[in-house]
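Dear colleague,

I am passing on the model we talked about, together with some notes on what came out of going through it. Please have the structure open while you read.

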Amino acid sequence: MSFSKDFVWGAASASYQIEGGAFEDGRGLSIWDTFSHTPGKTWNGHTGDVACDAYHRLEEDLDLMVSLGIKNYRFSISWPRILPSGRLPVNEKGLAYYDRLVDGCLQRGITPWMTLYHWDLPLELYYQGGWLNRATAEAFGEFAALIAEHFKGRVTSYITLNEPQCAIGLGHGNGAHAPGTLLCDEEMFRSWHHLLMAHGFAARAIREADPAASVGAASTGNLTYLADRRSETPPALANAAFLSSSKADNPGWYFNHQWFLDPVCLGHYPDDAKAAWMPFAQKISPEDMDIIFQKPDFIGLNIYNGHEMTFTDDGSLIQAPKYPGYPRTALKWPVTPEVLYWGPRLIFERYGLPMIISENGQSCNDKIFLDGNVHDPDRIDFLTRYLRELKAACEDQIPVIGYFHWSLTDNFEWMSGYDDRFGLIYIDYRNQKRIPKDSAFWYRDVIADNGENL
């Protein structure tokens, strides 16, 4: 077999990146509203005030998905649009927007996959301590309970958190993302721990409100791979994939999967001697770990690239040097298709759970050509290479059950503003015109034949 006959093909987005309508219909502010309006924080001072105007163009975007054969849509909901202060009362107009979105999906035969937290923390909760405050995790659990009860029977797949590695590491570690703070190691870990507790509270709440729903969590981080596929995974490769380097050697050491997935899937923080958080993790109470340890029904993996490893003469593994002129995306990220085989394989061997690729794609220097269309052969080549590797993983019985392209449309790409384009659909930000790119029609064909002709 290759991709299963019920393989989930979809596209993804996130609320602050596409919706706009930032100050309409009672929506509260998030940390990204204030961060993006702070001079020097985003490229050319771009903000998400309007973004792709999805708040007003919902029907148009859903119809485009139908025309492209996209039957699964992963989107996030804006916590402050529904709960402007982060807690009750509910902003009914905000909730009604997501009713229209979910119902619009279902009416068109599109399955909604709802992410509860894609980084837009309500500003009022941030002023009360944000993720440094355990009460924020409790508030998130209340939010999840509200959402699961309201959408019971309509939404059947939830992702609690998207990439704590970015929300905490980039938001509080180096200040590149909202809220832009530079916390010490102890405070960073406390924020991380409370965010993981938010997953636990939310997973419990969803399962209590709707036992039939599936609950997942989306992780990202460094992954390693070998140039060749082997029947047995070398232990050194697994160690390279999951053990941190020291903070001195790698300031972004928190970009790993195990500090998120070990507590969530295995019930304990990793034994990771070089990690800066180890002294604090050892003091966590069993009661807190019981809250965090809500094993997901599936793991979401956001995978864009990885590190090739190579064997030395003595049989050990080291990172392979990149050759001059190695392939890169417009964001200068390396193109490493093999990671979409080895990444799911390594994650499955560690956690034993089904997986979806919740994000994968590349930024390109897209433009409207003289014929009025957007030609992106680079993206098609990228996706072909990566999906062939994912297909090989499925052929090797690695339980990947779905793939979501990042992203459905071009969007506000966080600190990069509108400078980077990941979408299948081009957005002309001068007039909000949507133009499906060549890759969108290519992806339509991939979906139609379930990847058989990759």
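I begin with a single residue at the surface: Asn44 is exposed, with a relative accessible area of 61%, and its place is in the loop between H2 and H3. Please keep in mind throughout that this is a predicted model. What draws attention to Asn44 is its backbone, for its phi is positive, about 60°, although the residue is not a glycine. Asp25 is another non-glycine residue with a positive phi, here near 55°, and it belongs to the loop between helix H1 (15-18) and helix H2 (31-36). With a relative accessibility of 34%, Asp25 counts as partly exposed. Such values deserve a second look because most residues other than glycine have a negative phi, and most peptide bonds are trans.

On that second point, the model has a cis peptide bond between Leu88 and Pro89, with omega at about 10°, and Pro89 is located in the loop between helix H4 (79-82) and H5. The peptide bond from Trp406 to Ser407 is also cis, its omega being near 5°, and Ser407 lies in the loop between E11 and E12.

Turning to the open spaces, the largest pocket holds about 760 Å³. Its lining is made up of 33 residues, and those nearest the centre are Cys166, Leu170, Phe255, Tyr304 and Trp333. By class, this lining contains 15 nonpolar, 14 polar and 4 charged residues. The second largest pocket has a volume of about 370 Å³, and among the 22 residues lining it, Tyr225, Tyr323, Pro327, Val335 and Thr336 are the closest to its centre. Here the division is into 11 nonpolar, 4 polar and 7 charged residues.

Which element gives the largest share of the lining of the second largest pocket? That is H15, with 4 residues, while strand E8 (307-311) and H15 each supply at least two. Helix H15 itself covers residues 377-395, 19 residues in all, and spans 27 Å from its first C-alpha to its last, close to the 27 Å expected at 1.5 Å a residue. After H15 comes Gln397, whose phi is positive, near 70°.

As for enclosed spaces, the structure has 3 cavities of 30 Å³ or more. The largest cavity, with about 140 Å³ of space, is lined by 15 residues, of which Ile18, Ala54, Tyr73, Tyr97 and Leu101 lie nearest its centre. Helix H3 (58-67), strand E2 (72-76) and helix H5 (92-107) are the elements that give two or more residues to this lining, which consists of 10 nonpolar, 3 polar and 2 charged residues. The second largest cavity has a volume of about 50 Å³, and its lining divides into 2 nonpolar, 4 polar and 4 charged residues; Arg81 and Asp120 are among them.

Arg81 appears again in a contact with a ring, since its charged end sits over the ring of Tyr97, 5.8 Å from the ring centre; Tyr97 is one of the residues nearest the centre of the largest cavity. In a second contact of this kind, Arg328 lies over the face of Tyr326, at 5.3 Å from the ring centre.

Finally, the aromatic residues: the structure holds 46 aromatic pairs. One of them is the tilted pair of Trp259 and Tyr269, with 5.5 Å from centre to centre and 35° between the planes. This pair links distant parts of the chain, as Trp259 is in helix H11 (residues 258-266) and Tyr269 in the loop between H11 and helix H12 (278-281), 10 residues apart. Trp259 is buried at a relative accessible area of 0%, and Tyr269, at 9%, counts as buried too. Tyr418 and Tyr429 have ring centres 4.6 Å apart and planes at 50°, so this pair is tilted as well. Tyr418 is buried, with a relative accessible area of 16%, whereas Tyr429, at 24%, counts as partly exposed. Trp259 and Tyr269 also belong to one aromatic cluster, together with Phe189, Trp192, Trp253, Tyr254, Phe255, Trp277 and Phe280. Phe255 is thus a residue to view twice, as it is also among those nearest the centre of the largest pocket.

With best regards

Technical notes:
Residues numbered from 1 in each chain as written. Predicted model: local features only at pLDDT ≥ 70, side-chain atom pairs only at ≥ 80, totals over all residues. Heavy atoms only, no water. Expected span 1.5 Å × (residues − 1). 1 Å grid on protein atoms, 1.4 Å probe; cavity = no way out; pocket = protein on both sides within 12 Å on 5 of 7 lines; lining within 4 Å. Points joined across faces, edges and corners; volume = space filled by probe spheres on them. Nonpolar A, V, L, I, M, F, W, Y, C, P; charged D, E, K, R; others polar. Phe/Tyr/Trp six-rings, centres within 6.5 Å; stacked < 30°, edge-to-face > 60°. Buried < 20%, exposed > 50% of the residue type's maximum accessible area, 1.4 Å probe, protein only. Lys NZ or Arg CZ within 6 Å of the ring centre and 35° of its normal.
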